[in-house]
Amino acid sequence: MIRVTRRYKFSASHRLHSDGFSDGENRELYGKCNNPHGHGHDYILEVRVAGRLDPVSGQVVNVSTLDRLVAAEVLDDFDHKYMNADVREFQEVIPTSENILGVIEKRLAAHWQSVFPGDGPRLEAIRLRETRRNLFELRAS
C-alpha cells in the first residue's frame with residue numbers, strides 16, 4: 001500500500017456565527033472569527049490517497065484526474081468566495097474548518113467511484129491548514 005498526498009491552495013473568507021447563541025456568546029466562542037464583515041484565509045488543502053501500485057503506469061493515482069476532481073468539487077466553488085453566502089452547504093452550516101473538511105469529504109466521496117472505479121485508489125485523509133497554528137485532519141470513511 002502506497003500513500004500519495006497532493007497539495008492545493010485556495011483563498012476564502014467566512015464568518016463564524018451561530019444564530020443559536022447571543023452576540024456575546026458568539027464573540028466569546030469565536031473571537032475575532034465572529035467579525036460581522038467576515039475574515040479570510042489562504043487555506044492549504046491536502047488530499048491523501050492510498051492504493052496499490054499500478055504495474056503499467058507505475059503510479060498509485062493519476063494525479064491529473066485527482067486534480068480535476070478536486071478542482072471541480074472544491075476549488076472552483078471555494079476559491080475567492082465568501083463561504084457563508086457563496087457555498088451552498090455553508091448557508092446552513094457554520095463554516096468552521098472542521099465543517100469545511102466534512103463538506104470537502106462528502107463532495108469528493110460522492111464522485112470518487114465514478115472517477116476512480118474498481119480497485120482504484122481510496123480517499124484516505126484530508127488535511128486543511130487554516131493558519132500557521134491551525135491544522136485540521138479528517139480521516140476519510
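**Reading helix α2 and two histidines in a predicted model**

In helix α2 the buried residues are Thr65, Leu66, Leu69, Val70, Glu73, Val74, Leu75 and Phe78.

Me: Before we look at that helix, what kind of model is this, and what pattern does the protein chain follow along the sequence?

Reply: This is a predicted model, and its protein chain holds four helices and five strands, which follow one another in the pattern β-α-β-α-β-α-α-β-β. Of the 141 residues in the protein chain, 43% are buried, and among the contacts between residues at least 6 apart in sequence, 68% join residues at least 24 apart.

Me: How should I read the spacing of buried residues in a helix, and which residues of α2 are buried?

Reply: The general idea is that an α-helix has 3.6 residues a turn, so residues three or four places apart point the same way. With that in mind, look along α2, where the buried residues include Leu66, Leu69, Val70, Glu73 and Val74.

Me: What covers the buried residues of α2?

Reply: The cover includes strands β1 (2–14), β2 (39–51) and β3 (81–82), together with helices α3 (83–86) and α4 (97–115).

Me: Where is the kink in α2 centred, and what caps the N-terminal end of the helix?

Reply: Helix α2, which spans residues 63–78, has a kink of about 50° centred on Ala71. The N-terminal end of α2 is capped by Asn62, which places a side-chain oxygen 3.0 Å from the backbone nitrogen of Ser64.

Me: After α2 comes His80; is its phi positive or negative, and how should I read that?

Reply: As a general guide, most residues other than glycine have a negative phi. His80, however, has a positive phi of about 60° although it is not a glycine, and this residue sits in the loop between α2 and β3.

Me: Is His80 buried or exposed, and how does one decide?

Reply: The decision rests on relative accessibility, with over 50% counting as exposed and under 20% as buried. His80 reaches 64% and therefore counts as exposed.

Me: Is His39 buried or exposed?

Reply: His39, which lies in strand β2, counts as buried because its relative accessible area is 17%.

Me: Which residues does His39 contact, and which side chain is joined to the side chain of His39 by a polar contact?

Reply: Setting aside neighbours within four places in sequence, His39 is in contact with Ala12, Ser13, His14, Lys32 and Cys33. Within the strand's own stretch of sequence, a polar contact of 3.1 Å joins the side chain of His39 to that of His41.

Note on methods:
Residues are numbered from 1 along each chain as its sequence is written. This is a predicted model: local features need pLDDT of at least 70, side-chain atom pairs count only at pLDDT 80 or more; totals for chains, interfaces and linings use all residues. Side-chain values use heavy atoms; hydrogens and water are left out. Helices (H or I, at least four residues) and strands (E, at least two) are DSSP runs, numbered from the N terminus. Buried means under 20% relative accessible area, exposed over 50%, partly exposed in between (1.4 Å probe, protein chains only). Contact means heavy atoms within 4.5 Å. The bend at a residue is the angle between axes fitted to the seven residues ending there and the seven starting there. A polar contact is a pair of N or O atoms within 3.5 Å; within protein, one must be able to donate a hydrogen and the other to accept it, and residues adjacent in sequence count only if both atoms are side-chain atoms.
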